[in-house]
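Biologist: I am new to this structure, and I would like one careful account of a single part of it, namely how its side chains pair up within and between chains. Please explain each term when you come to it.

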Amino acid sequence: MNNNKEFIQAFLTGEPQTMKVIYAKTYPYVERYILSRNGSKKDAEDVFHNSLLHLYVKLKENSLNIQHFESYLVTVCKNLWKRESGKTRVTNIDGLPLVSESIDMGSFFIEEEQWSLYKEMLKKISQQCQEILKLVFDKVGYDAIVKTYGYSSQTVARQRVFKCKTKLVQLIKKDERYKRLKN
Amino acid sequence: MDLNEQELEKLERYLLDLMDNEEKLSFEKEIATSSKFQEFIEIYERIDHVGRDEWMDTVHGKEDYAEASQKFEGKEIQEFSEKIRKFEIHHFKSDPTPKVFKLNYKYLGAVAAILIVLLYVAMPKSSDPSSIFEQHNSWSELPSMTTKGDIPQDLLLTVERTFQEKKYDSTIWASQLLLDTEGDENSTLLLYLGISHLEQNNFDQALETFKTLSESTSIDYHKGYWYSALTYLKQNNKDDAKKMLELVTLKENNFRFKEAKEILNNMD
């Protein structure tokens, strides 16, 4: 898919041919992703629609440096679906007045920015820290971590995890995006 | 303001549950009045959520929401939304009424014959390697790990759980660790390891693992041929896939004998 300024400009004006390319290339993947995670076709359509709005706002604000439009759109769709499927939905987007939907989109806007920041910082810590934290996130027992890395005890392994996470906390706190979100 | 070393050390002892009750209670009082401790703990805990791909609710105030919400309330964004909606109506619901053809019954036989030919022509998917792979990659046939009692149960459960959760990196890590320490003749572990490599598109490692299985003394050695064939199919390597499928068809008792025969017939 094109990634140049003209393509993004065409997207921002809702140019039909560009929208057609976006839907033809990206929507089927997003639909499969959502259907395979207990979502419906209607969910997929709403998530895709709202992700396009999210991208529109970010691009209009110039707060986004997109390397690859399609990949970014897919990431936003996945994040939005993670968020939607993770909570018990008691509302139907169609049935809500626009203002409620905008509040929902507004909170997603904030959450998405935080999410991207955390994900990005997770890639900035040392390789070993990344590996150990991955095992912790996947709920692999500390016994196994001790065995793999040759730590003398579980406490030592936990201390190592604490150090890795502290490094992450410091990186996150230093980032401009965190400061902006915080203020 | 950043935490100093002493404060970090205290936090570490608190978060790792190394404090006694008295110390813990006293520190919790300190946390309650210290925004920098609260901020650290909040980020610290959020890291786990993000790492586990669990979406986080925001803890921002109403003003933050209101500001972000305004971005989605203007006339411009509404117009853009309507533009996409119009496009969606066209994209998702185009041509909803199928055309009705009136057929003369005497042509029905000919039409049916043409349809059969067309269907046959239009079904090359079944011989397309990647389509064949897609038809056989549910992995529901994999045996459960919990029945094996001779090696560490927690790691076995990790292998199975991470595999089901599609966290293949961890499956690879845990199964490799078990194979390294417990010997590499465990066919079930080799299958979990090989298929995880296959899912991650680590084709060389997948093939090597299935080769280890097919050359092992395990009664399931022949499963190595089938999964090697699937690996080649995913790579669109028809020739090597065929060779492996031919090995599967050497014995009727081999795993996926019938399926392999069928695929080979459709491939020719």
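**Side-chain pairs, within and between chains**

Modeller: Cys77(A) counts as buried because its relative accessible area is 1%, where buried means under 20%, exposed means over 50% and partly exposed lies in between, with a 1.4 Å probe and protein chains only. Before going on, please note that this is a predicted model, in which local features need pLDDT of at least 70 and side-chain atom pairs count only at pLDDT 80 or more, while totals for chains, interfaces and linings use all residues. Residues are numbered from 1 along each chain as its sequence is written, chains are lettered from A and ligands numbered from 1 in the order in which they are written, and side-chain values use heavy atoms, with hydrogens and water left out.

Over all chains the structure holds one disulfide, a term for a pair of cysteine sulfur atoms within 2.5 Å. Its partners are Cys129(A) and Cys164(A), with sulfur atoms 2.1 Å apart, and because the torsion about their S-S bond is about -80°, the disulfide is left-handed. This pair links distant parts of the chain, 35 residues apart, for Cys129(A) belongs to helix H6 (residues 127-137) of chain A and Cys164(A) to helix H8 (residues 154-174) of chain A; helices here are DSSP runs of H or I with at least four residues, strands are runs of E with at least two, and numbering starts from the N terminus. Both Cys129(A) and Cys164(A) are buried.

Turning to charged pairs, a salt bridge requires a side-chain nitrogen of Lys or Arg within 4 Å of a carboxyl oxygen of Asp or Glu, and by this rule there are 31 over all chains. One of them joins Glu84(A) to Arg83(A), with 3.2 Å between the closest N and O atoms, and both of these residues are buried. Within chain B, Lys36(B) pairs with Glu7(B), again by a salt bridge, the closest N and O atoms being 3.2 Å apart. Since Lys36(B) lies in helix H3 (residues 35-51) of chain B and Glu7(B) in helix H1 (residues 5-15) of chain B, the pair ties together parts that are 29 residues apart in sequence. Lys36(B) counts as buried because its relative accessibility is 18%, and Glu7(B) is buried at 16%.

Asp17(B) and Lys24(B) also meet in a salt bridge, at 3.9 Å from N to O, but Asp17(B) is exposed, with a relative accessible area of 53%, whereas Lys24(B) is partly exposed at 28%. Elsewhere, salt bridges that share partners join Lys134(A), Asp138(A), Arg161(B), Glu165(B) and Lys167(B) into one network.

This leads to the place where the chains touch: 68 residues of chain A are in contact with 57 residues of chain B, contact meaning heavy atoms within 4.5 Å. Ten salt bridges are found across this interface of chain A and chain B, among them Asp2(B) with Lys173(A), whose closest N and O atoms are 3.8 Å apart. On the side of chain A that touches chain B, helix H5 (residues 98-122) of chain A gives the most, with 17 residues.
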